[in-house]
Amino acid sequence: MSFFRKFYQNIIHDRNPDNDTIKVKGKVTPVFYGTVAPYPDFNASKDAAVLQSGIQSKGVDEDVIISVLVKRNNEQRQKIKVVYEASTGQSLNRALKSALRSDLEDISLALLMPPAHFDAYLIRDATKRLGTDEDVLVEVLATRSNEELRELKRVYKEEYGDDLEDVIKDETRGDFTTALLAMLKANKDESTEVDMALAQKDAETLFEAGENTKGVEVSAFVDILTTRSGPQLSKTFQRYACVSDMTLPKALNVELRGDIEDCLIDIVKCAWSTPAFFAEKLHRAMERHGTCEDTLIRVMVSRSEVDLKKILEEYRAMYDSTLQEDILKDTEHHFENILLGLCGPH
């Protein structure tokens, strides 16, 4: 259980929803924690021409391509794609596929996808490869908002012709399937208010469903963990420690096995701190022999306009090194440069 201890002890614990909003012209607006913001002097035609010169130059100028992609947000990249095709007669995706190779090609194409299309691609890839990648399924479904999940389902059907729920049923089994389908309903409470009475009731329900019964009533865990908000679950976990001799993560580890255990534990981690959850993902991608480039691409691209600044903070708090330092140690050449570019100025 040492990895749980490290995860929960070293993350930045302060959860204050008031710090996540600011007033802009009298309206409450979420604070931007991404590292890739809209480029202030954006000109789609100029950027398309710069990319064309970088792609068509002798030997391909990867640095030029990278400098445009990491300094424009996703909405701006979509406009560049339209202008590029209109001016050259070729899609930017196809041009980059021809010009780039390996990990740089993969991350560049990922940056060109709208968020929902990238998520749909991740789910498709996770379910159609040899052996389903359960970790990716949980990561995507547990960390997206209700609106993002609804858009993911729409885009998946549009792009691949299948209902995402049917794909999950075909590619997974048992309680794990139940948990994924519950998340796909996209009805998680997204308020920041905490109901103390409900937290106490849920803690007791989880205790009775897990430790205080023969076998485990997985449905109770799934129902609570997939419908309550992050702040609400955080309080429930605190109350759980008062009714049990162990923390909820430890109880899950003791009582459950396999994919459903990993799934519910990841949901618990996300409820405590989504940035810390992703910081752990990035660290694990680089700590073992051989780097998992797919994880680096998936997390860095999907969080660059969401909470990558917070992930960078959590990473340093949890591992006593910066994400940038570890990227420098574990990656190289143009792939290293584009990852560092996504981290923002430092």
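A search of the whole structure, which is a predicted model, finds 0 disulfides. For a reader new to the term, a disulfide is a covalent bond between the sulfur atoms of two cysteines. The case of C263 shows how the search comes out for one residue: the closest cysteine sulfur to its own belongs to C270 and lies 9.8 Å away, which is too far for a bond, given that a disulfide requires the two sulfur atoms to be within 2.5 Å. C263 is also buried, since its relative accessibility is 1%. Another cysteine, C343, has a relative accessibility of 3% and so counts as buried too.

Salt bridges come next, and here the count reaches 16. A good place to start looking is helix α9, which covers residues 146-160. Within this helix, R154 and E158 sit 4 residues apart, about one turn of the helix, and their side chains meet in a salt bridge with an N to O distance of 3.0 Å. R154 counts as partly exposed because its relative accessibility is 40%. A further salt bridge joins K157 to D163, with 3.7 Å between the closest N and O atoms. Both ends of this pair can be placed by their accessibility: K157, at 40%, counts as partly exposed, and D163, at 33%, counts as partly exposed as well.

The pair formed by D202 and R228 offers another setting for a salt bridge. The closest N and O atoms of D202 and R228 are 2.7 Å apart. D202 lies in helix α12 and R228 in the loop between α13 and α14 (230-243), so this salt bridge ties together parts of the chain that are 26 residues apart in sequence. Both D202 and R228 are buried. Salt bridges can also be followed through a group of three residues, as E139, K281 and R298 are linked in a network.

Charge can also be traced on the surface, where E147, E148, D189, E190 and E193 gather in a patch of negative charge. One of these residues, E148, is found in helix α9. Its relative accessible area of 38% makes E148 partly exposed, and this value passes the requirement of over 30% for membership of a patch.

Several residues show how positions separated along the chain are arranged in space. E211 is placed in the loop between α12 (196-209) and α13 (218-227). E211 and D245 are 34 residues apart along the chain, and their C-alpha atoms are separated by 9.8 Å. With a relative accessibility of 23%, E211 counts as partly exposed. In helix α19, which spans residues 308-319, E313 gives a second example. The C-alpha atom of E313 lies 8.8 Å from that of A279, with their positions 34 residues apart along the chain. E313 is partly exposed, as its relative accessible area is 47%. A third example comes from helix α21, where L342 is found. L342 and M300 are 42 residues apart along the chain, and the distance between their C-alpha atoms is 6.9 Å. L342 is buried, because its relative accessible area is 0%.

Finally, the backbone holds two residues worth a look for their phi angles. Most residues other than glycine have a negative phi. D320 is not a glycine, yet its phi is positive, near 55°. This residue, D320, is located in the loop between α19 and α20 (323-330), and D320 is exposed, with a relative accessible area of 74%. H333 likewise has a positive phi, of about 55°, although H333 is not a glycine. The place of H333 is in helix α21, which runs over residues 333-342. H333 is exposed, since its relative accessible area comes to 57%, while L342, also found in helix α21, is buried at 0%.

Methods: Residues are numbered from 1 along each chain as its sequence is written. This is a predicted model: local features need pLDDT of at least 70, side-chain atom pairs count only at pLDDT 80 or more; totals for chains, interfaces and linings use all residues. Side-chain values use heavy atoms; hydrogens and water are left out. Patches are made of residues with over 30% relative accessible area and no salt bridge: like charges are joined within 9 Å, nonpolar side chains (Val, Leu, Ile, Met, Phe, Trp, Tyr) within 5 Å. Accessible areas come from the Shrake-Rupley method with a 1.4 Å probe; for residues, only the protein chains shown count as cover. A salt bridge is a side-chain nitrogen of Lys or Arg within 4 Å of a carboxyl oxygen of Asp or Glu. Lys and Arg count as positive and Asp and Glu as negative; His and the chain ends are not counted. The place of a charge is taken as NZ of Lys, CZ of Arg, CG of Asp or CD of Glu. Helices (H or I, at least four residues) and strands (E, at least two) are DSSP runs, numbered from the N terminus. Buried means under 20% relative accessible area, exposed over 50%, partly exposed in between (1.4 Å probe, protein chains only).
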